[in-house]
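Let's take a walk through this chain, starting from a single pairing and working outwards. Have the model open and follow along.

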Amino acid sequence: MTGLNRNEAARFLAGRDNFTILTHRRPDGDTVGSAAVLCRGLRQLGKTAHVLENPEVTEKYAGLLRGLTKKQAEDTDTVICVDVASANMLPDAFRLLEGKIDLRIDHHGTASAFTPLQLVDPDAAACGELVFDVLQELGAALDQPMANALYTAISTDTGCFRYANTTANTLRTAAACKDAGADTFGLNQTLFETNTLARLRLQGWLVENALFLADGKIVICALPRSKEQELGLTEDDLENISGFPRTIAGVQISAMLRQERSGRVKLSVRAVPGCDAAAICAKFGGGGHKGAAGASMDMTMDEAVQAVISAMPEI
Ligand SMILES: [Mn+2]
């Protein structure tokens, strides 16, 4: 594996054509937005580029990819994945492309390399920032659809620029989006100022059923699949729900446990600066960032809760 800087990644893209861009499973605003911006930027430079259709993309982000997707990766010379921390973050349908990905553009520091080339900067708050830097190196200019996609990528990964990962570069990138005509107000309304009733009811249930430890500095929320079904929650309703318990006053570390269809328990940990979410998740084979990390646990919900309690640091 060779690590590239932004300039080297740009030169690599300039020398290639017929691109297929891959997003990750449970696609979020960063992976979809990054893919859309990269695809549009490459097309602007006269290249052929598509985003491979990811069946898990929800209604919330599907519009960003309109006119950009294709169903098959045939006739592809160059495969790029964006915001994909590891090969097992690829949707099942993409797994057969695993050995064929040429370049990974990503900002997950704990990830292990799985492509021959990678541009990875864990200091970037969102993968979208890296894509924007590379496109600037290539001389591509943001148009309005690109600006909306890029703003979606960077705003969603920073909780609308509130999380500790937000840097001056994130804000400069946001300013570039605004200069290029991004509908920041409309996007903020949709992404951050709108809740479904199902989501608000879930938040109420989580507060009532949360387990508080260390004088309220740690909170653990175990959400059974039956409760998700009872409340009629969609994936869009559940997006970033793991960040919610962290917003309770005094909480420094929050853990959210959800039951996956496979029976495994998905752990999501959020932590304030000074605490390390990735270190907790690493105990279960997971990873991520200091502020936000995840793991997949092969145990029952009760066992998982006990294991997470034991994995919490003294604070
Ligand atoms: Mn991301």
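Which residue in E4 is the bridge partner of Val 51? Keep in mind that you're looking at a predicted model. The partner turns out to be Thr 69. Zoom out a little and you'll see the two strands involved: E3, covering residues 49–52, runs parallel to E4, and 2 bridges hold the pair together.

That pairing sits in a wider sheet. Follow the strands across and you get the order E1-E7-E6-E5-E2-E3-E4, an open sheet of 7 strands with parallel pairing. Since it's open, look for its borders: strand E1 (2–3) and strand E4 (69–70) are the edge strands, each pairing on one side only.

Now for the helices that go with the sheet. Helix H2, residues 29–44, packs on it and touches strand E2 (19–22), E3 and strand E5 (78–82). Compare directions and you'll find that H2 makes an angle of about 160° with E3. Then there's helix H4 (residues 127–137), which lies across E5, strand E6 (103–106) and strand E7 (117–120). Its direction runs at about 120° to E6.

Finally, pull back to the whole chain. The domain assignment splits it into domain 1 (2–192) and domain 2 (197–311). Their C-alpha centres are 27 Å apart. How many residues of domain 1 are in contact with domain 2? There are 11, and they meet 9 residues of domain 2. On the domain 1 side, the touching residues comprise 6 polar, 3 nonpolar and 2 charged ones.

Definitions and conventions: Residues are numbered from 1 along each chain as its sequence is written. This is a predicted model: local features need pLDDT of at least 70, side-chain atom pairs count only at pLDDT 80 or more; totals for chains, interfaces and linings use all residues. Domain bounds come from an automatic or database domain assignment. Two residues are in contact if their C-beta atoms, placed from the backbone, lie within 7 Å. Ala, Val, Leu, Ile, Met, Phe, Trp, Tyr, Cys and Pro count as nonpolar, Asp, Glu, Lys and Arg as charged, and the others, Gly among them, as polar. Two strands pair if DSSP finds at least two bridges between them. Helices (H or I, at least four residues) and strands (E, at least two) are DSSP runs, numbered from the N terminus. Axes are lines fitted to C-alpha atoms, for helices over the stretch in contact, and angles run from 0 to 180 degrees between N-to-C directions.
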